[in-house]
Amino acid sequence: MLKRNPFFAVPVLAFFCTFVAWAGPVTTVPWNGYVGAVSFTFDDALKNQIDNLKPILEGLPDVKVTFFVTNMSNGLQGNAAGFAALANAGHEIGNHTLSHGHMTGQSESELNSEIVDFAGTIEKTLESAGANVKVVSFAAPFCETNESVQKIIAKRHFNNRNCGWHGRNMWETEPEMFNIQAKIWTRSGATAAEMLSSMDTAAFIGDFSGANPWDVQVTGGSWLVVLNHGVTDDAGDDYSINPSDIEKIMKRAVENKLWTASFGTVAAYHRAHFVIDAAESVASDDGFTVSWKIPDEHMPEKVPLRVKIDTQGVGEDAVVEQDGVVIAPESDGTFVVDFMVASLKVRKARAGEVGGGDKPDSTSAADSSAVGDSSGTVGIARTPSVPGASFADYAVFDLNGNCLGTSNGFVVPDRLPRGAYIVRASGSGLAPVTKVVRK
Ligand SMILES: [Zn+2]
């Protein structure tokens, strides 16, 4: 039996109020509404990742991971179809350099070719194999970087995964984006039981009150980054993990209600939180606007953030919109906004318009505590009360903003795998509405 820390019985809202005091009206919900997060990363573009891990991931639709690919041993080129299929299933493909060399000894032009040019090669290679990928994440081979290497990484990526230590990141500690630590798996260095226990620690399950003061203190859920290589039963390969073990560990993460998302997705969410929560409001005629600066142009094209918005007296029928698109509230009153739009507006509802600030009706998602929640409930946006008008087009996007085609309503088409999506409805004479829907 798992022992859940009694602290966690305290409502999440109380947690905010106790620890967070930000300037602006927008407050990001930690870890997308989950207790914590975990990003599994798999390095080196190994064939056994396609052969042995891909089938496991197909059985775990709530788990999205990151593959840091290289062309060492023809890894990327030789397995392009497999990695393209993984990308199309919602997994992230990141950059692990062209030839996996020791970068701290390389010249600037070598670094440019190994890092910057190879990011483009990954995108082109996977495009030829049928996947539309934008590379935003990086992992340094051997975890070797220095300031000049990091400068080149930053020309094309918004993060760098490094190795070492416990690999946990706390919500209120701003991460060093080009030096994010990861817990490393090796057969000789860790046991499957220890990795399972790490899934509990990230979810704040356990009794941490007796920890020595000089130990790393565990005070809540956190984001754990895990570094893996091969996935095989070959006991002679110290860096590989048994397929049955990685499956067990991933299942524990889901069971513990960790947000099991790619490295780039969680890194962008975490980075964005420090910017949007500090952004202040500027009053307008019918409400207010909040604007912020995008801290890194290489972040994903869309960064959906689950936020609470203090409507500051605009009223119960306040409408939240971005770029003229009304954002329908989730059933818990939070909004999923796109950080990359760099502003949002809160205004009074216009005549005939459905306000966004009131409680959704009973047909809305029964449980939308988190984007990507596995409840299987599909959120249904309310029909706008404009006489005679209705939405004509519904476009479906993944959470990274890639358009996946159209739908017949706020539903995920059958052809797409289980998971969370954004549907944008539009129609003549109506303000477009976006809604997170799940399947
Ligand atoms: Zn490597």
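These are my notebook entries on a few sites looked up in a predicted model.

**Zinc site**

I began with the zinc ion and listed its protein donors: Asp44 through OD, His96 through NE2 and His100 through NE2. These donors lie 2.0 to 2.2 Å from the ion. Along the chain I read their spacing as D-x51-H-x3-H. I then placed two of the donors: Asp44 is in the loop between strand 2 and helix 2, and His96 is in the loop between strand 4 and helix 5. The pair is 52 residues apart in sequence, so it ties together separate parts of the chain.

I also checked burial at the site. Asp44 has a relative accessibility of 11%, and it counts as buried because the cut-off is under 20%. His96 is buried as well, with a relative accessible area of 1%.

**Ser39**

Next I went to strand 2, residues 36-43, where Ser39 sits. Is Ser39 buried or exposed? I noted a relative accessible area of 0%, so Ser39 is buried. For its side chain I found a polar atom 2.9 Å from the backbone oxygen of Ala261. I then listed the contacts of Ser39, leaving aside neighbours within four places in sequence. They are Trp223, Leu224, Val225 and Val226, together with Ala261, Ser262, Phe263 and Val266.

**Helix 4**

I looked up which residues of helix 4, residues 80-88, are buried, and found Ala80, Gly82, Phe83, Ala84, Leu86 and Ala87. What do the buried residues of helix 4 pack against? I recorded three helices as partners, namely helix 2 (47-58), helix 3 (75-78) and helix 5 (108-128). Strand 3 (66-69) and strand 4 (92-95) are also partners. Just after helix 4, I saw that Gly90 takes a positive phi of about 100 degrees.

**Aromatic pairs**

A search of the whole structure gave me ten aromatic pairs. I took Trp31 and Trp171 to start with: the ring centres are 4.8 Å apart and the planes stand at 70 degrees, so the pair is edge-to-face. This pair links distant parts of the chain, 140 residues apart. Trp31 is in the loop between strand 1 (26-28) and strand 2, while Trp171 is in the loop between strand 5 (168-170) and strand 6 (183-184). Both Trp31 and Trp171 are buried.

I then took Phe67 and Phe83, an edge-to-face pair with 5.6 Å centre to centre and 65 degrees between the planes. Phe67 belongs to strand 3 and Phe83 to helix 4, with their positions 16 residues apart in the count along the chain. I found both Phe67 and Phe83 buried.

Which residues form one aromatic cluster with Trp31 and Trp171? I wrote down Tyr34, Trp259 and Tyr269.

**Open sheet**

Last, I traced an open sheet of nine strands with mixed pairing. I read the strand order as 9-10-15-12-13-19-18-16-17. Its edge strands are strand 9 (281-284) and strand 17 (403-407), each of which pairs on one side only. From one strand to the next, the twist averages 30 degrees.

Within this sheet I looked at strand 18 (residues 420-426) and strand 19 (residues 433-438), which run antiparallel and are joined by six bridges. I noted that Tyr421 stands opposite Val437 in strand 19.

Methods
Residues numbered from 1 in each chain as written. Predicted model: local features only at pLDDT ≥ 70, side-chain atom pairs only at ≥ 80, totals over all residues. Heavy atoms only, no water. Helix = DSSP H or I, 4+ residues; strand = E, 2+ residues; numbered from the N terminus. Buried < 20%, exposed > 50% of the residue type's maximum accessible area, 1.4 Å probe, protein only. Polar contact = N/O pair within 3.5 Å; in protein donor to acceptor, adjacent residues only side chain to side chain. Contact = heavy atoms within 4.5 Å. Donors = N, O, S within 2.8 Å, 3.2 Å for Na, K, Ca; no water. Pairing = 2+ DSSP bridges. Axes fitted to C-alpha atoms, helices over the stretch in contact; angles between N-to-C directions. Phe/Tyr/Trp six-rings, centres within 6.5 Å; stacked < 30°, edge-to-face > 60°.
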